[in-house]
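I'm opening a fresh notebook page for this one. Below are my notes on what I looked up, in the order I went.

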Amino acid sequence: MPDEALHVHEPYQTAAQQAEADTMGMYVFLATEVMLFGGLFAAALMLRTVHHDEVIAASRQLHIWIGTANTVLLLTSSLFVATAVVAARTGTRRLCAGGLIGGAVLGLCFMALKAVEYYSEYREGHLPGFGLPAHFSNGAEHLFMNLYLIATGLHAFHLAVGIVLLLSLAARVLWTSFPLPERSITVTLFGLYWHLVDVIWIFLFPVLYLAR
Amino acid sequence: MTSERADYADLPGAAGYGESEAIQKSYLRAGHTLRSWFLTTDHKRIAILYLISVTFFFFVGGAAAALIRADLLTPQGDLLSNEGYNRAFTLHGVIMVWFFLIPSIPTTFGNFLIPLMIGARDLAFPRLNLLSWYIYVLGGLCTIYVLISGGVDTGWTFYTPLSSMFSNGHVVMAATAVFIVGFSSILTGLNFIVTVHKLRCPGMSWGRLPLFVWSHYATSVILVLATPVLSITLALIAAERVFQLGIFDPALGGDPLLYQHLFWFYSHPAVYIMVLPALGVISELITAAARKPIFGYWFVAGSSIAIALLAFLVWGHHMFVAGQSMYASEIFSFLSLAVAVPSGIKVYNWTATLYKGHISLDPPFLFAMGFVGLFVVGGLTGLILAMVAIDVHVHDTYFVVAHFHYIMVGGTVSAFFGALHYWWPKITGRLYNLVWGRVTAVLIFVGFNLTFFPQFILGYLGMPRRYHVYDPHLQVLNDMSSSGAAILAVAYLIPFVYLFYSLRYSPAAPANPWDVTGLEWTVPSPPPKHNFDEIPVVTTKPYNYPVEQKGDGDA
Amino acid sequence: MSAHIRLMVAVWLGLLLLLALTVGLSFLPLGDLSPLASTGIAAAKAALVVWFFMHLRQDSGIIRLVALAAVVWIAILLTLPWIDFSSRHWL
């Protein structure tokens, strides 16, 4: 396959070199995302170290089964996206699009469940900030819920971006002459991003919901 | 362009005062429209865009410094109000750190030179490179907005709970500006890392890379791993102010030290972002001036990596008196002493490189020598500050202010000027007047020391930083410092005259006016848009100067 | 390709199992072992996702180094402040 079809552009010499550079670039970007959330995990660790009992009590009040269900949704969405990447590399367009759409749909289910969860927390008076009427037993619980909202909110933002990326890519695979497997690197890169959002949730879930 | 030749009219390639063929075929003339500049993906043009922007912000930050030094001429706070003074030093810090020092060398000389030095046609992600400039400009515009609407008074460090709860300045907008420009940093670092890994030309092994590239690689590691932590920290401050979602509020059990840990986790490595590229520049300038291979190449290269790694382990030395645990403080103190070792290695190796070299006293070399002297003073005082028992007395005094200015200004800004004077012919295709270059270098060195050395004494005598009211018996030292600042200001402005003059009136520069090694000197000055007609193949070691052996004839 | 997908499904089942384990353990009175257990299991889940779903097992050494660097650096960010907070009140 000539390099023009593989869309090799300056300054690269070969498609393989370009694909490697793209993959490395994405991994470096993912490392920055890890450090971004790292600040929140550091805050969580501090809170837990200094206000041990209050944090555990606050964690118990979160909806563990919603959190668990959401984890299942994300893990499954990763399965779908990983399948899409495999399909992209073998040129199986419909499976690829199906995997991407499936992953995005599960991501949307996650967001819906999260909205339900936020709403019930609001009703219980546990959702802080924004001038909402919230009642906390102690300062540390308030801090914990602040962190919970910030962390899950930032995660949800990243998830939303991922959903848009997956759906737009699925549309390109289905309805344009997007060349697969020649440009499977794009599917791979979007997939890497999605999996990282999953990994972040894998750590957020026990830190927030399972502090005992 | 050795100092034996005062008159450069007889240089090879000094074809007269018109535009040479090289200039006409260069990246500078490849496209005349605004679009060809503002939508360029050519790393060389992007470097020029950055050069203009960072220079602009250098002078805005410098104006703030002028206000500060003017106010400090008298012991009373009579030029600015207390609030106004707070806003002046905050603006000075925010602009100088994030809009000048951090981008300065990497986005200008790094962008321009790295592809040339490794034999590539461009960086790994040219469009991301352009995006990083636009992000920088956006952040800059937000900062200008903050400036015009009254500024912010928290200091560039945005400590909580002042910043998150009590300040009535434009904290959120300032935090947003810095958040935005952080992405510019991250993208630049990402680009450099992938470029150095994936785009080296055949034969350009890691052991043949110029030390400038090694130091930019190390800087890029810091850029990508530290900056996101700043991003989340600023976002947390904004969340507390805008959404009342805070985790630093002491009344709720939050800890201001959590903020400081998060902030300094980035900001200490950030100072190495500011100095590592400068160290790389100096390695180039010294080998070029001495016309000798660098002494201990692998030690110098490795020291850049070591600095980048150790940089992340020392931040707590900013918090010795903040309430940090004594045990953590001791760990940070020890590691802070350790991080000085690789810097020391560089200085020893530079000195050994100069030993028995054929030194020419051209402007780049003078800037490099100024750098070494000032960097050593700054570094030694850093060791002093790293010791808890001393820091307890001089923390938050002018001793600290002097220390970091010796490194940032005496160091990085000197290196920036050195780089400018060394690579100017390559970037613009023009030679410049060396005499004026030497005058500038000396004037900067004198003005700098007059400005900042008294500050060590002021700090030792107890003058706190960020105060514009001080004990009258300290006025003489303050006035010396302010006078030095005036000299520095003049010294920084002089290059505008002779360098701009050179663009129009100086002879064209040959490909290798300094007669030095390095792939960037094998292409015309200025380079064509595609850098190399054919991708080079490297077969020699770096800094491949002939080294005299014992008995090789007399001098 | 179907072998590959079977592998993905097996990994997914493993992830669900680990999830069940971590939720189950949270109901037991593990005391100070609880955060270690939950973080350890999360690390195992993340490792599965990164190694198989993100196919790190097929990628080159430098890519793995980048992934490792992210882990090491977040460890630094978590560990040193923790040393401060937990040793504040000693002596």
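Entry one, chains B and C. I should jot down that I'm working with a predicted model. I looked up where these two chains meet and found 13 residues of chain B in contact with 11 residues of chain C. On the chain B side, helix 8 (211-243), helix 9 (256-290) and helix 11 (326-354) each supply at least two residues. Helix 11 of chain B gives the most, with 3 residues. I sorted that side of chain B by class too: 8 nonpolar, 5 polar and no charged residues.

Entry two, a helix pair in chain A. How do helix 4 and helix 5 of chain A cross? I got axes that come within 9 Å and cross at roughly 155 degrees, for helix 4 (residues 93-123) and helix 5 (residues 139-175) of chain A. An angle over 145 counts as roughly antiparallel, so helix 4 of chain A is roughly antiparallel to helix 5 of chain A. I noted the crossing as left-handed. Helix 4 of chain A brings residues including Ala97(A), Gly103(A) and Phe110(A), and helix 5 of chain A brings residues including Ala156(A), Ile163(A) and Val173(A). By class, I have 18 nonpolar, 4 polar and 2 charged residues in this contact.

Entry three, Leu79(B). I found Leu79(B) in the loop between helix 3 (43-71) and helix 4 (82-118) of chain B. Is Leu79(B) buried or exposed? Leu79(B) comes out partly exposed, because 17 other C-beta atoms lie within 10 Å. Leaving aside residues up to four places away in sequence, Leu79(B) touches Ala70(B) and Asp71(B). I also checked Ile68(B), 11 residues from Leu79(B) along the chain: their C-alpha atoms are separated by 8.9 Å.

How values were computed
Residues numbered from 1 in each chain as written. Chains lettered and ligands numbered in written order. Predicted model: local features only at pLDDT ≥ 70, side-chain atom pairs only at ≥ 80, totals over all residues. Axes fitted to C-alpha atoms, helices over the stretch in contact; angles between N-to-C directions. Helix = DSSP H or I, 4+ residues; strand = E, 2+ residues; numbered from the N terminus. Parallel < 35°, antiparallel > 145°, perpendicular 65-115°, else oblique. Left-handed = near helix turned anticlockwise from the far one by under 90°. Contact = placed C-beta atoms within 7 Å. Nonpolar A, V, L, I, M, F, W, Y, C, P; charged D, E, K, R; others polar. Buried ≥ 20, exposed ≤ 12 C-beta atoms within 10 Å, placed from the backbone.
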